[in-house]
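Here's a quick tour for anyone meeting this structure for the first time. Take a look at the sequence and the fold, then read on for the main points.

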Amino acid sequence: MIAAITAFAFLAGCDDDGVRLSAEDIADLFENGRTVGFQSTRFSGTATFRKNGSAKMSIPALGGDVGKWWLDGDQICSQWVQALRRKPVCARIERFPDGSYAALDLVGGFRLGTFTLLEYED
């Protein structure tokens, strides 16, 4: 039973259609500011990553938060005032043929959530 659950979790977190973005691709995507609509297993909302490194997010069920973001090689990192108890989190990014993206855990490569690009809102 445990093996079946582990296998399901592994398969749910992987998708062979995604292309991992390079450091340059991620910089091109975020460095001039970007607003995204995101979906995780627990909630959905929007996040804006501003050119100056500040960020804001809104989750309709929970409210808003502010924080900061930065690039670290082929990873995008963020730290929020309230979310995740102020713990910095970094992820790699994959792009899919339908134009959506996924943020991937650095250790296991599991999908943390998906996002789509929205019109930039500063």
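Going from the N terminus, the elements are arranged α-β-α-β-β-β-β-β-β-β-β, which gives two helices and nine strands. Keep in mind that this is a predicted model. What follows goes from the overall picture to the core, then to the links between parts of the chain and a few residues worth a look.

**Overall picture**

- The protein has 122 residues, and 35% of them count as buried.
- Its accessible surface adds up to about 7700 Å², with carbon and sulfur atoms accounting for 55% of that.
- How many contacts reach far along the chain? Taking contacts between residues at least 6 apart in sequence, 36% join residues at least 24 apart.

**The nonpolar core**

- In soluble globular proteins, nonpolar side chains tend to be buried together.
- Here the largest nonpolar core contains 19 residues, and Phe30, Phe49, Ile93 and Phe115 have the most contacts inside it.
- Helix 2 (23-30) gives two or more residues to this core, and so do several strands, namely strand 2 (34-39), strand 3 (44-49), strand 4 (54-59), strand 6 (75-80), strand 7 (89-95) and strand 8 (101-104).
- Phe49 is a good residue to click on: leaving out residues up to four places away in sequence, Phe49 touches Phe30, Gly33, Arg34, Val36, Ser54, Ala55, Trp69, Trp80 and Tyr120.

**Helix 2 and its buried side**

- Which residues of helix 2 are buried? They are Ile26, Ala27, Leu29 and Phe30.
- These residues sit on the same side of helix 2, because they cover an arc of only 165° around the axis.
- The general background is that an α-helix has 3.6 residues a turn, so residues three or four places apart point the same way.

**The disulfide**

- There is one disulfide, formed by Cys77 and Cys90, with their sulfur atoms 2.0 Å apart.
- Cys77 belongs to strand 6 and Cys90 to strand 7, so the disulfide ties together parts that are 13 residues apart in sequence.
- The torsion about the S-S bond of Cys77 and Cys90 is about 105°, so this disulfide is right-handed.
- Is Cys77 buried or exposed? Cys77 counts as buried, because its relative accessibility is 1% and the cut-off for buried is under 20%.

**The salt bridges**

- The structure holds two salt bridges.
- One of them pairs Arg50 with Asp122, where the closest N and O atoms are 3.4 Å apart.
- That pair links distant parts of the chain, 72 residues apart: Arg50 is in the loop between strand 3 and strand 4, while Asp122 is in the segment after strand 9 (111-118).
- Asp122 itself is exposed, with a relative accessible area of 63%.
- Arg92 forms a salt bridge with Asp74, and here the closest N and O atoms are 3.2 Å apart.
- Arg92 is in strand 7 and Asp74 in the loop between strand 5 (63-72) and strand 6, so this pair ties together parts that are 18 residues apart in sequence.
- Asp74 counts as partly exposed, at 25% relative accessibility.

**Gln75 and Trp70**

- Gln75 lies in strand 6, and Gln75 is buried, with a relative accessible area of 13%.
- Setting aside neighbours within four places in sequence, Gln75 is in contact with Ile26, Trp70, Cys90, Ala91, Arg92 and Leu106. Look for two familiar names here: Cys90 from the disulfide and Arg92 from a salt bridge.
- Trp70 is in strand 5 and counts as partly exposed, at 30% relative accessibility.
- Not counting residues up to four places away in sequence, Trp70 touches Gln75, Ile76, Cys77, Ser78, Gln79 and Pro88.
- Trp70 and Glu31 are 39 residues apart along the chain, yet their C-alpha atoms are separated by 8.9 Å.

**Two arginines with positive phi**

- Where is Arg85? Arg85 is in the loop between strand 6 and strand 7, and Arg86 lies in that loop as well.
- Arg85 has a phi near 55°, a positive value in a residue other than glycine.
- Arg86 also isn't a glycine, and its phi is positive at about 65°.
- Arg85 is exposed, with a relative accessible area of 79%, whereas Arg86 counts as partly exposed at 49% relative accessibility.

Terms used. Residues numbered from 1 in each chain as written. Predicted model: local features only at pLDDT ≥ 70, side-chain atom pairs only at ≥ 80, totals over all residues. Heavy atoms only, no water. Core = buried A, V, L, I, M, F, W, Y, C linked by side-chain atoms within 4.5 Å. Buried < 20%, exposed > 50% of the residue type's maximum accessible area, 1.4 Å probe, protein only. Helix = DSSP H or I, 4+ residues; strand = E, 2+ residues; numbered from the N terminus. Contact = heavy atoms within 4.5 Å. Arc of directions from axis to C-beta. Areas by Shrake-Rupley, 256 points an atom, 1.4 Å probe, with all protein chains shown as cover. Salt bridge = Lys/Arg side-chain N within 4 Å of Asp/Glu carboxyl O. Disulfide = S-S within 2.5 Å.
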